[in-house]
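Thanks for sending this one over. I went through the model with a cup of coffee, and my notes are below.

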Amino acid sequence: GFSKGTTTPTIALPLLSEIPIVGDTIFTGGPIHFAMFVIVFLSWLVMYRTSWGLRVRSCGEHPHAAETVVWMDMEQSVYTERTLAIWERLRRDFPRIGCVIQAYLRRSESDIRRLAALGATVRLCKGAYLEPPALAFPGRREVDESYARLMGRLLAPESLARGAYPAFATHDGRMHALAAQSRVASDRFEMQMLYGIRDDLH
């Protein structure tokens, strides 16, 4: 059979629980009910009355306060044009927002050319979605060649002079070597990798 469970005691705060309409809802309940109010208050206290909370809020409201970039990621090619249009509108008010370009898309060369002229912050990745050959390079060699070509354009003196800031998201050691051979100062671009993969390239 089933054992008889224990019931949670109900607590009614004197006077406050007698307030019409809200008294019974807010000031009457079990321990968990009142614990939630304590948690909400403590969260507010931490976020608005401690230096740590103020730093977290400042980074969320103003990413440049953390000297970081908010990246607008890229999905399938059907969204590429719309994503870049949204990025461009946001960039007018939030200059520290970066966009992502996929090297395997055939359109990416013209996109990179335009973004470099704008002095954009760009993350270049190879791309992983299944796309038709009319829109994307089907072979690894072609994708690698496209990546290297786009990397060269982003690191070109005229792109950097316009303020372009490239970030190369790749675990391909050959691309890391190409970036190093460019002789561009290391503070003018980034090499980005997932933590724990290709530690030998750090």
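The points that follow take the core first, then the salt bridges, then a patch on the surface.

1. A word on the source before anything else: this is a predicted model, so please read each point below with that in mind.

2. Let's begin inside. The largest nonpolar core has 26 residues, and those touching the most other members are Leu115, Val122, Leu124 and Phe168. Two or more residues each come from helices α4 (80-91), α5 (108-118), α6 (140-154) and α8 (173-181), and from strands β4 (97-102) and β5 (121-125).

3. Leucine 124 is a good place to centre your viewer. Which residues does leucine 124 contact, once its neighbours within four places in sequence are left aside? They are Ile101, Ala103, Tyr147, Leu150, Met151, Leu154, Ala167, Phe168 and Ala169. There is also a second, separate core of five residues, with Leu105, Ala136, Phe137 and Val143 among them.

4. Now for the charges. The structure holds nine salt bridges, and I picked out a few. Arginine 107 pairs with glutamate 81, with 2.7 Å between the closest N and O atoms. Arginine 107 sits in the loop between β4 and α5 while glutamate 81 belongs to helix α4, so this bridge ties together parts that are 26 residues apart in sequence. Both ends are partly exposed: the relative accessible area is 27% for arginine 107 and 46% for glutamate 81.

5. Lysine 126 and aspartate 144 form another salt bridge, again with closest N and O atoms 2.7 Å apart. This pair links distant parts of the chain, 18 residues apart: lysine 126 is in the loop between β5 and α6, and aspartate 144 is in helix α6. Is each partner buried or partly exposed? Lysine 126 is partly exposed, with a relative accessible area of 22%, whereas aspartate 144 counts as buried because its relative accessibility is 9%.

6. Do look at aspartate 172 too. Its side chain meets that of arginine 174 in a salt bridge (2.8 Å, N to O), and aspartate 172 is buried, at 12% relative accessible area. Through shared partners, salt bridges join Lys126, Asp144, Asp172 and Arg174 into one network.

7. Finally, the outside. Val38, Phe41, Leu42, Trp44, Leu45 and Tyr48 make a nonpolar surface patch of about 560 Å². Valine 38, one of these, is found in helix α2 (residues 31-49). Its relative accessibility is 46%, so valine 38 counts as partly exposed.

How values were computed: Residues numbered from 1 in each chain as written. Predicted model: local features only at pLDDT ≥ 70, side-chain atom pairs only at ≥ 80, totals over all residues. Heavy atoms only, no water. Patch = residues over 30% accessible without salt bridge, like charges linked within 9 Å, V, L, I, M, F, W, Y side chains within 5 Å. Areas by Shrake-Rupley, 256 points an atom, 1.4 Å probe, with all protein chains shown as cover. Salt bridge = Lys/Arg side-chain N within 4 Å of Asp/Glu carboxyl O. Helix = DSSP H or I, 4+ residues; strand = E, 2+ residues; numbered from the N terminus. Buried < 20%, exposed > 50% of the residue type's maximum accessible area, 1.4 Å probe, protein only. Core = buried A, V, L, I, M, F, W, Y, C linked by side-chain atoms within 4.5 Å. Contact = heavy atoms within 4.5 Å.
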